[in-house]
Amino acid sequence: MWVRLLLQLLWAQLLVALVRGSELTFELPDNAKQCFYEDIVQGTKCTLEFQVITGGHYDVDCRLEDADGAVLYKEMKKQYDSFTFTAAKNGTYKFCFSNEFSTFTHKTVYFDFQVGDDPPLFPNENRVSALTQMESACVTMHEAMKSVIDYQTHFRLREAQGRSRAEDLNSRVAFWSIGEALILLVVSLGQVVLLRSFFSDKRTTSTRVGS
């Protein structure tokens, strides 16, 4: 009994992985544009979620088009966002991320494009008959594990973004400290040169007066 339930649970996880669509983290260079394509059946509910992890002001342009090229979603310089829609027709949908407005900073972008709903864990979920206690427990565990995976993904993204911000701040502090040290060195040398020239002029004047 437990073996059968375990096999059903693993099969459901495989179906979920197939249904979830695309999930990717990629590098987006400066002055670049990256597009992705997904075949979607009419009436399928889809969700596009993205977040900029590193680079510049952590923003990117996003555009989503249907099979006929009609714009479903368009945002400029967004750090993160989520958009849900239902496909109105069959075909290949395209969503693009653009960093063309940036001249020297590249970005790291994460996106998750979910296509369709998760399949039922057990065939009885679509029937009138009630689930057994063991099946209900498996369904509850399955839903909890999906929530854990989503939370872990978002926590990893926040951790990566926070690490990038900390490294950037550390670099700025280091450069500022080096700049301050150079300024102090220049000011100190300038004061020494000024004092030496002052006493040198005074010594020359005294020599002339004595002679």
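So, C35: this cysteine is partly exposed, with a relative accessible area of 23%. Keep in mind that we're looking at a predicted model. Its partner is C96, and the two sulfur atoms sit 2.0 Å apart, forming a disulfide. C96 counts as buried, at 4% relative accessibility.

How many disulfides does a search of the whole structure find? Just 1. As for where the C35–C96 disulfide sits, C35 is in strand β2, residues 33–40, and C96 is in strand β7, residues 91–98, so the bond ties together parts that are 61 residues apart in sequence. And for those of you who like torsions: the one about the S-S bond of C35 and C96 is about 105°, so this disulfide is right-handed.

Okay, what about other cysteines? C62 is buried, with a relative accessible area of 2%. Why no bond for C62? Because the closest cysteine sulfur, the one in C96, is 8.3 Å from the sulfur of C62, which is too far. Then there's C46, buried as well, with a relative accessible area of 0%.

Last bit, backbone angles. N31 isn't a glycine, yet its phi is positive, about 55°. You'll find N31 in the loop between β1, which is 22–28, and β2. N31 is partly exposed, at a relative accessible area of 47%.

K77 is another residue other than glycine with a positive phi, near 50°. Where is K77 placed? In strand β5, residues 71–78. And K77 counts as exposed, with 51% relative accessibility; the cut-off for exposed is over 50%.

That's it from me.

Terms used: Residues numbered from 1 in each chain as written. Predicted model: local features only at pLDDT ≥ 70, side-chain atom pairs only at ≥ 80, totals over all residues. Heavy atoms only, no water. Disulfide = S-S within 2.5 Å. Helix = DSSP H or I, 4+ residues; strand = E, 2+ residues; numbered from the N terminus. Buried < 20%, exposed > 50% of the residue type's maximum accessible area, 1.4 Å probe, protein only.
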